[in-house]
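Work through the following exercises with the sequence and the structure side by side, and try each task before reading its solution.

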Amino acid sequence: MAVQHEVAGPVLVTYQASPVDLGYTRDGAQIRFDPRFIDIFSDDYGGQSGAPADAQIVGATVQVTAELTKYDKAVCHALTAFSAGGTAFTLPVYGTLMRQGSKLAPLILNGANEDWTFSKAFPRSAIEMNKGTKFSTFQCGFECWVDASSTRVMCTLV
């Protein structure tokens, strides 16, 4: 394949089990894959104080950040519940488990030229709202997990 310019195009962000459009991003969405490793130490590399003899991958998460300039205010405010299906500005019961408590939902980044679908996501980053005489923006971030430990699929790209 030749090296070429890649353009996702305008990106529509959709979240929840019954898809709800949050809005359109400014300059697309930032997607960061974050692998998780456990270092393995061995005496032949200096023991616990030395360099790792190996590293074992034990999973990964994906961080998605989007700054929206065209958005549905009521739908975006619901993200402040930091879980799927929550009430705006109200946290879930303290101690709620996100996966086991069914608080995860699909996150879809629908670009004009490519789509990303994360099957297990929840709002995890700080939410920022810009208010004033200039146009308002809404910034939100999600953490996305593998679909299941048996399949280990992070996302699908179309």
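**Exercise 1.** Determine what share of the residues in the protein chain is buried.

Solution. The model is a predicted one, and its protein chain holds 158 residues, of which 29% are buried. For this step, a residue is taken as buried if its relative accessible area is under 20%. Turning to the surface as a whole, the accessible area of the protein chain comes to about 9800 Å², and carbon and sulfur atoms contribute 54% of that area.

**Exercise 2.** List the secondary structure elements of the protein chain in order from the N terminus.

Solution. Begin with the count, which gives one helix and eight strands. Then place them along the protein chain, where the order reads β-β-β-α-β-β-β-β-β.

**Exercise 3.** Work out in which sense strand E2 pairs with E1 and with E3, and over how many bridges.

Solution. Take E1 (residues 11–15) and E2 (residues 20–40) to start with: they pair in the antiparallel sense over four bridges. Within this pairing, Leu 12 has Tyr 24 of E2 as its bridge partner. Four residues lie between the two strands of this hairpin, and there Gln 16 adopts a positive phi near 110°. Next, follow E2 to E3 (residues 54–71), with which E2 again pairs in the antiparallel sense, here over 15 bridges. In that pairing Gly 23 is found opposite Tyr 71 of E3.

**Exercise 4.** Find how far apart the centres of the positive and negative side chains lie in the protein chain.

Solution. Count the two sets, which gives 12 positive and 15 negative side chains, and then compare their centres, which lie 11 Å apart.

How values were computed. Residues are numbered from 1 along each chain as its sequence is written. This is a predicted model: local features need pLDDT of at least 70, side-chain atom pairs count only at pLDDT 80 or more; totals for chains, interfaces and linings use all residues. Side-chain values use heavy atoms; hydrogens and water are left out. Two strands pair if DSSP finds at least two bridges between them. Buried means under 20% relative accessible area, exposed over 50%, partly exposed in between (1.4 Å probe, protein chains only). Accessible areas come from the Shrake-Rupley method with a 1.4 Å probe; for residues, only the protein chains shown count as cover. Lys and Arg count as positive and Asp and Glu as negative; His and the chain ends are not counted. The place of a charge is taken as NZ of Lys, CZ of Arg, CG of Asp or CD of Glu.
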